[in-house]
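Subject: Structure for you to look at

Hello,

Here is the structure I said I would pass on. My notes on it follow below.

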Amino acid sequence: MNSSMIDDELKKKYDYLVENDNILPIKVSKFYLKKVQEEVDTIGKGGPLYKSVFPTYDRIYLKTSVETRDYVEEEKHMPVENCDFIIRKYKDRLVFIITDVCFAHCQYCFRTYNLSKFQKSNLKKTIVNKINVLKKYLLSNPEVKEVIFSGGDPLSIGFDNLEFALKSLSLWDIRIHTRAIVYDPDIFTDKIISLLKKFNVRLVFHINHPYEICNVVRDKINEINNAGVRLYAQFPLLRGINDNYLVLKELLLKMDELHIRPLSIFIPDPISYSASFRLSFKRIIKIMDEINWNTPSWINSTRFTMDTTIGKVRRENIIDWNGNCITFARDGKTVKYYDLDEGIDIPSDINTLLWKESKNKKNDFGN
């Protein structure tokens with residue numbers, strides 16, 4: 001890692017939190033680091049790609065009144081005793097943490113607390129053992145139709161392990177969530193692509209910003225698409241990265257051109273060390289409305305949603321809004337969401353979020 005990317009004082013504080021407070025260490029792929037370096041050379045530190053993988057002082061020190069380590073409460077949804085890699089919140093599908101390894105560590109990771117524990121507890125467990133436990137559970141719970149590979153990044157396990165996993169679970173629909181396409185697109189070899197097609201995998205990309213889709217990424221996505229693999233996407237709404245409808249519009253347009261079907265834009269969980277990435281709920285609604293009324297339906301059909309311990313909820317699930325406390329209801333259950341304190345959510349400068357357009361003076365953002 002280029003040491004000039006982060007100053008010594010911040011690095012020292014961050015490393016302390018890695019050791020003592022369940023934050024994932026800094027990890028950046030060579031491919032992504034080149035993009036970050038270009039951004040830093042152009043606008044300095046703190047741009048959207050930089051914030052995706054490098055901590056800022058706000059990331060560490062900015063707090064709001066109510067935060068939690070695990071808002072989704074994944075531990076409450078682990079149906080197999082002494083097993084922390086099967087998570088089930090819905091009748092017909094479950095999440096399978098097939099690995100704790102990522103190609104890079106996203107600073108906004110909603111699973112940082114649990115994932116750091118998975119890394120400590122699961123290092124000696126093999127893919128074979130995990131698959132055996134999962135398959136036993138699936139066979140005794142026939143109502144589960146879909147297995148969602150998550151992690152970590154499922155594509156980090158290598159071809160042989162992935163082939164074994166897909167063969168072993170061929171009776172179930174498989175969905176794979178990955179950020180490998182923007183962190184290390186070369187991982188999608190001809191063999192991997194053919195494997196995904198052979199087992200009819202639904203591949204869900206996590207792409208957060210239009211600049212993550214460069215020519216190399218675009219060519220690789222076209223290659224995967226031409227092989228007949230079904231492509232989807234979901235990503236979080238993040239302050240400092242994509243918190244402007246113009247950024248979202250450009251990203252969704254690029255996805256449409258690449259035949260990627262966007263599923264959801266996620267509202268960040270109110271977890272510890274996340275205040276620098278979160279938006280006030282009023283501004284989230286404002287951005288929703290800007291997307292809805294300023295783009296065609298093939299863009300604005302993407303849903304804004306939030307994951308909770310009772311399942312995913314959306315704007316229409318709000319049943320009460322009292323100050324900072326917003327109550328959502330679903331399936332006869334309720335969950336409370338605590339908004340940011342006043343003064344924290346300062347909208348990002350569009351000339352920073354879309355610094356290439358600003359530099360080239362291709363667009364007038366009205367600032």
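Which elements are among those that cover the buried residues of α9? The cover includes α7 (159-168), β4 (173-178), β5 (202-205) and α10. Please keep in mind that this is a predicted model.

To stay with α9 for a moment: the helix runs over residues 190-198, and Ile192, Ile193, Leu195 and Leu196 are buried in it. These four are on the same side of α9, because they cover an arc of only 160° around the axis. The other side of α9 has Asp190, Lys191 and Lys198, which are exposed. After α9 comes Asn200, with a positive phi near 55°.

Part of α9 also turns up among the contacts of Leu162. Neighbours within four places in sequence aside, Leu162 is in contact with Phe149, Leu155, Ile157, Ile176, Ile192, Leu195 and Leu196. The largest nonpolar core has 110 residues, and those touching the most other members are Phe149, Leu162, Phe188 and Phe205.

The second helix I looked at is α2, residues 30-43. Its 14 residues reach 20 Å from the first C-alpha to the last, close to the 20 Å expected at 1.5 Å a residue. Buried in α2 are Tyr32, Leu33, Lys35, Val36, Glu39 and Val40. Down the helix axis these buried residues fall within an arc of 160°, so they line one face of α2. The general rule is that an α-helix has 3.6 residues a turn, so residues three or four places apart point the same way. Note that the buried set of α2 includes Lys35 and Glu39. The face turned away from the buried side carries Lys30, Lys34 and Asp41, which are exposed. As for partners, the buried residues of α2 pack against α3 (48-53), α8 (180-183), α10 (215-226) and α15 (355-360). α10 is thus named for α2 and also for α9. Gly44 follows α2 and has a positive phi, near 90°.

Two single residues are worth a look as well.

His105 sits in the loop between β2 (93-97) and α5 (112-121). Is His105 buried or exposed? With a relative accessible area of 6%, His105 counts as buried, because the cut-off is under 20%. Its side chain reaches the backbone oxygen of Pro25 at 2.6 Å.

Val95 is in strand β2. The relative accessible area of Val95 is 19%, so by the same cut-off of under 20% Val95 is also buried. Leaving out neighbours within four places in sequence, the contacts of Val95 are Phe85, Ile86, Ile87, Arg111, Ile148 and Ser150. The C-alpha atoms of Val95 and His77 are 9.9 Å apart, with the two positions 18 residues apart along the chain counted as their separation.

Finally, the chain as a whole. Its secondary structure comes to 15 helices and 11 strands. The radius of gyration is 20 Å, which agrees with the value near 21 Å for a compact globule of 367 residues. Along the principal axes, the C-alpha atoms fill a box of roughly 60 × 50 × 45 Å. Of the 367 residues, 56% count as buried. Among contacts between residues at least 6 apart in sequence, 76% join residues at least 24 apart.

Regards

Note on methods
Residues numbered from 1 in each chain as written. Predicted model: local features only at pLDDT ≥ 70, side-chain atom pairs only at ≥ 80, totals over all residues. Heavy atoms only, no water. Helix = DSSP H or I, 4+ residues; strand = E, 2+ residues; numbered from the N terminus. Buried < 20%, exposed > 50% of the residue type's maximum accessible area, 1.4 Å probe, protein only. Polar contact = N/O pair within 3.5 Å; in protein donor to acceptor, adjacent residues only side chain to side chain. Expected span 1.5 Å × (residues − 1). Arc of directions from axis to C-beta. Contact = heavy atoms within 4.5 Å. Core = buried A, V, L, I, M, F, W, Y, C linked by side-chain atoms within 4.5 Å. Rg over C-alpha atoms; globule rule 2.2 N^0.38 Å.
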